[in-house]
Amino acid sequence: MKTIHAILAAAGAAASLQFAVAAPLLRVKAELSWAPNVPSPTTRPQPAIVEVDLTAERKVMRLTPWLDYDFWTFNGHVPGPFIRARVGDWLEVHLTDADTNGMPHNVDFHAATGPGGGAPLLTAVPGTPALAWLKLVHPGLFVYHCAVPPMMDHIANGMYGLILVEPPYGLPHADREFYVMQSEFYTMEAPAGAKVLEFSHQRGLDEHPSVVAFNGHVASLMLQNALHAETGERVRIYFGNAGPNLTSSFHLIGVVMDHVYEAGGLAEPPAHGLQTALVGPGSAAIIEFTPVVPGTYEFVDHAMFRVEKGAIGQIDVGGSPKMDVYRSQQQGPPKE
């Protein structure tokens with residue numbers, strides 16, 4: 001026969017379970033970050049409603065070292081903010097349209113389950129914001145972008161970003177995490193004395209980009225803007241390709257990639273020991289490596305003529321020389 005203590009304990013457990021089932025979801029404000037920065041890992045013990053505020057707006061910013069461009073943006077940045085959540089979360093998206101030309105905008109989340117990735121629920125016009133809730137069912141690194149017709153124009157002008165949906169227990173520790181997104185820009189020929197480049201839909205149709213860039217700007221990750229790491233550190237790059245047309249052959253010169261979660265998928269183990277990650281338009285990859293030798297490493301789209309259009313960045317790696325794997329003529333040949 002059960003003792004009274006056992007009966008009370010069982011009743012208490014049942015009550016606790018009932019309370020847990022009936023308890024409302026946590027509500028948290030998303031920590032957004034701007035490329036190349038990444039928000040902190042998710043440490044919540046349970047799923048939550050994650051509030052994300054996005055604003056569609058136009059902004060004139062530098063595209064090349066000499067010329068500006070009238071970007072269409074999320075929150076005034078290209079790419080838009082990096083969003084970090086976890087499986088089981090509800091994404092509560094507030095979209096405000098501040099486009100001075102009165103154009104409608106929305107958001108298609110590749111992480112969403114449902115028509116249009118949420119775009120039909122999230123179409124906003126100036127003065128009428130949109131609100132929707134999207135449950136994050138699958139882990140992975142996903143692209144989001146504006147999908148108002150003509151969708152390709154909205155993407156080509158800068159309306160895209162990445163969302164990371166972590167597995168229930170997060171990802172393994174990384175010492176450095178970076179947000180890098182490739183895209184193309186299609187512009188008309190600039191007349192003499194022009195300061196702002198103009199969009200060309202025809203060049204987009206011809207798949208003839210004027211600029212292929214990382215993080216929305218030629219030289220955005222070069223020289224004083226280079227990424228930084230130390231030898232022996234685990235470096236993780238969340239890499240996305242907004243397209244809208246070109247497939248990227250992402251290559252870190254002088255690095256063999258330890259792990260690559262291809263197509264941004266986290267449901268399967270990563271590939272190992274890759275030289276290049278092939279990332280199609282509208283897709284992503286999680287790339288991990290540990291630099292051994294100090295120095296400046298360049299990363300490129302290995303469709304090499306795109307380097308001259310801007311598809312190049314740098315990582316400056318500090319640390320001590322590693323002469324057992326990398327020796328100059330002055331250092332002489334290895335002794336064993």
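## The four-stranded open sheet

Let's start with the sheet in this predicted model. Four strands form an open sheet in the order β4-β9-β8-β6, and their pairing is mixed. At the edges stand β4 and β6 (108-109), each with a single partner strand, so one side of each has no neighbour in the sheet.

Walking across the sheet from β4, the strands β4 and β9 run parallel and are joined by four bridges. Here R86 has E166 in β9 as its bridge partner. Next, β8 and β9 pair in the antiparallel sense, over six bridges, with G140 opposite V165 in β9. At the other edge, β6 and β8 run antiparallel and are joined by two bridges; D108 stands opposite H145 in β8.

## β9, covered on both faces

Strand β9 deserves a closer look. Seven of its seven residues are buried, so β9 is largely enclosed by the rest of the structure. Its two faces are both covered: on one side sit Y160, L162, L164 and E166, on the other G161, I163 and V165, and all of them are buried. Note that E166, the bridge partner of R86, is among these buried residues.

## Two nonpolar cores

In soluble globular proteins, nonpolar side chains tend to be buried together. The largest nonpolar core here has 30 residues, and the members that touch the most others are L54, F74, L91, V107, F109, L122 and I163. Several strands supply at least two residues each: β2 (48-62), β3 (68-74), β4 (83-86), β5 (90-97), β7 (130-135), β8 (140-145) and β9 (160-166). The most comes from β2, which gives four residues.

F109 is a handy residue to select in your viewer. Leaving aside residues up to four places away in sequence, F109 touches L54, I83, L91, V93, G117, L122, L134, V143, Y144 and I163. A second core, separate from the largest one, has 28 residues, including V78, F82, M181 and F185.

## Strand β16 and its partners

Further along the chain, strand β16 (residues 257-261) is mostly covered, with four of its five residues buried. Strand β17 (residues 271-274) pairs with β16 in the antiparallel sense over three bridges, and M257 stands opposite L274 in β17.

β16 also pairs with strand β19 (residues 283-289), again in the antiparallel sense and over three bridges. In this pairing, H259 stands opposite E288 in β19.

## The protein as a whole

Stepping back, the protein has three helices and 21 strands. Its C-alpha trace spans about 85 × 70 × 30 Å along the principal axes. Of the 336 residues, 49% are buried. Taking contacts between residues at least 6 apart in sequence, 70% join residues at least 24 apart.

For surface and charge, the accessible surface comes to about 16300 Å², and carbon and sulfur atoms account for 59% of that. There are 20 positive and 32 negative side chains, and the centres of these two sets lie 6 Å apart.

Notes: Residues are numbered from 1 along each chain as its sequence is written. This is a predicted model: local features need pLDDT of at least 70, side-chain atom pairs count only at pLDDT 80 or more; totals for chains, interfaces and linings use all residues. Side-chain values use heavy atoms; hydrogens and water are left out. A nonpolar core is a set of buried Ala, Val, Leu, Ile, Met, Phe, Trp, Tyr and Cys residues joined through side-chain atoms within 4.5 Å. Buried means under 20% relative accessible area, exposed over 50%, partly exposed in between (1.4 Å probe, protein chains only). Contact means heavy atoms within 4.5 Å. Two strands pair if DSSP finds at least two bridges between them. Accessible areas come from the Shrake-Rupley method with a 1.4 Å probe; for residues, only the protein chains shown count as cover. Lys and Arg count as positive and Asp and Glu as negative; His and the chain ends are not counted. The place of a charge is taken as NZ of Lys, CZ of Arg, CG of Asp or CD of Glu.
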